[in-house]
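Here are my notes on the model you sent round. Have the structure open while you read, and click along with each point.

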Amino acid sequence: MPGAGKYIFSQQLSQYKFAEGHPFDPLRLEITTDLLKHMHVLFSDEIVAPLPASFETLTLVHDPGYIELVQNASLKNLTTGKNLSCGLGTDDNPIFCSMHEAASLTVGATVKAAELVLETRTDHSLNISGGLHHAKQNQASGFCIYNDIAVAIAWMRKKYRIRVMYIDTDAHHGDGVQWFFYSDPNVLTVSIHESGRYLFPGTGNIDEMGVGMGRGYCINLPLEPYTNDCSYMECLEKLLTASAKSFRPDIIISQHGCDIHHLDPLTHISVTNKTLSYIPQLIHRLAHEYAQGKWVALGGGGYDIWNVVPRAWSLVWGEVSNRTIPRELPRTWLEKWGRISPVALSRTLFDPSCSHEDHPHIEEIREKNIVNLNRLMGCLQGGGHHIKGLQQQ
């Protein structure tokens, strides 16, 4: 029997670092991994070190010319104008030394996570360094140089000819992954995110449903800012359950951006760790009900690296590894990281009830979310789609 879960990690993954002060801080990988070790829920035989994705593997979704551009930019051999034309050298995506090597290692980590599951060496896998869902075919975007998710999906499709369900619960719309598979009926992309009216990248509208044979295989549910636990979980349960039941994937790959937490500094969705625990629980259950238990989990956004990311991704690992995560954070870990943390560290896995108050218009927010969910279900019930069985709630 394969092991319950594998954790893809090496210290080299922390080399994906744009600049001091940049919100995408790879220190979160080390903090989270160290927390799991201090909790005694992650062991050395469960950790798998990745190798960088090859040039050939990257070309499954990225233009060769773009990859060469990234390689040259990493060596500071390219003019600023050419960099900017492909999204490099911006405030979001500043150029850094060995950028290609760091980004391709992240891609390799996600491909390795998929390979371990599909070769039945494990039931589930987790790569917290992955989830870089904004990168396009020939453009960096939103802190993402290469799109590790799209590469891994394309790799799975090419090698195994399987049906893949991609679930994205990041506050930001999973636009890059969506566009790569917008016409592919063998890849179902489902993104639940803060409305693009208020947040980057400004896409992810309900009417973005795919084209051609892929019509109906792209599902987007934009949520209102300040959506709370109850509304988020209500929408998620209905949407994911109906989608997985209808599509019946061979594998589920999920992106667990935890920037939907109310403490995240860059977004406005306002849930607690109650939701961040529920998300992997639901996906774990759906994987066993509809995908023979095959599940690859990834990280994603998350910009409170001290009090949100480590606790949120510990909850994901708990599901991936089939382990109960301790409710109290280890004193040794708190003392170690408390010495350098600029904020007081949370001492419990779940948020205290007094840590968060609902928005005063929370009922109005919930009603708008339900209207959007019903509209989405209605669109998928309309003509031209290929997803069957999605019932309007």
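1. A word on terms before we start: helices here are DSSP runs of at least four residues (H or I), and they are numbered from the N terminus. With that in hand, E319 is found in helix 10. Bear in mind throughout that this is a predicted model.

2. Let's stay with E319 for a moment. Leaving aside residues up to four places away in sequence, E319 touches H124, P280, Q281, H284 and W295. There is also a long jump along the chain to look at: E319 and A4 are 315 residues apart in sequence, yet 9.4 Å separates their C-alpha atoms.

3. Helix 10, running 309-321, also turns up at a cavity, along with helix 9 (273-290): these are the elements that each give two or more residues to the lining of the second largest cavity. The residues around that space are T169, H256, G257, C258, L276, I279, P280, A312, W313 and V316. Sorted by class, this lining has seven nonpolar and three polar residues, with no charged ones. The space inside comes to about 40 Å³. Note that P280 is in this lining and is also touched by E319.

4. How many cavities of 30 Å³ or more are there in the whole structure? The search finds two. The largest holds about 60 Å³ of space, and its lining is made up of L13, Y16, F24, P26, R28, L29, T106, S129 and L132. Six of these lining residues are nonpolar, two are polar and one is charged.

5. Back to helix 9, this time for its packing against helix 8 (residues 229-247). The two axes come within 11 Å and cross at roughly 10°. Angles under 35 degrees count as roughly parallel, so helix 8 is roughly parallel to helix 9. The crossing is right-handed.

6. Which residues in helix 8 and helix 9 meet? From helix 8 come D229, Y232, M233, L236, E237, L240, T241, A244 and K245, while helix 9 brings K274, T275, Y278, I279, L282, I283, R285, L286 and Y290. The contact divides into eleven nonpolar, two polar and five charged residues. I279 is worth a second click: it meets helix 8 and also helps line the second largest cavity.

7. Now compare the pair formed by helix 1 (residues 27-38) and helix 11 (residues 331-338). Their axes come within 9 Å and cross at roughly 155°. Anything over 145 degrees counts as roughly antiparallel, and helix 1 and helix 11 are therefore roughly antiparallel to each other. This crossing is right-handed too.

8. On the helix 1 side of that contact are L27, E30, I31, D34, L35 and H38, and they meet T332, W333, K336 and W337 in helix 11. By class, the contact has five nonpolar, two polar and three charged residues.

9. Finally, two backbone spots to check by eye. The peptide bond from F200 to P201 is cis, with omega near 5°; P201 sits in the loop between strand 5 (187-194) and strand 6 (218-223). The other spot is S98, a residue other than glycine with a positive phi, near 60°. Look for S98 in the loop between helix 4 (80-85) and helix 5 (99-118).

Notes
Residues are numbered from 1 along each chain as its sequence is written. This is a predicted model: local features need pLDDT of at least 70, side-chain atom pairs count only at pLDDT 80 or more; totals for chains, interfaces and linings use all residues. Side-chain values use heavy atoms; hydrogens and water are left out. On a 1 Å grid over the protein atoms alone, a cavity is a set of points where a 1.4 Å probe fits but cannot get out, and a pocket is an open set with protein on both sides within 12 Å along at least five of seven lines; lining residues have an atom within 4 Å of a point. Grid points are joined across faces, edges and corners, and a volume is the space filled by probe spheres set on the points. Ala, Val, Leu, Ile, Met, Phe, Trp, Tyr, Cys and Pro count as nonpolar, Asp, Glu, Lys and Arg as charged, and the others, Gly among them, as polar. Axes are lines fitted to C-alpha atoms, for helices over the stretch in contact, and angles run from 0 to 180 degrees between N-to-C directions. Angles under 35 degrees count as roughly parallel, over 145 as roughly antiparallel, 65 to 115 as roughly perpendicular and the rest as oblique. A crossing is left-handed if the near helix is turned anticlockwise from the far one by less than a right angle, and right-handed if clockwise. Contact means heavy atoms within 4.5 Å.
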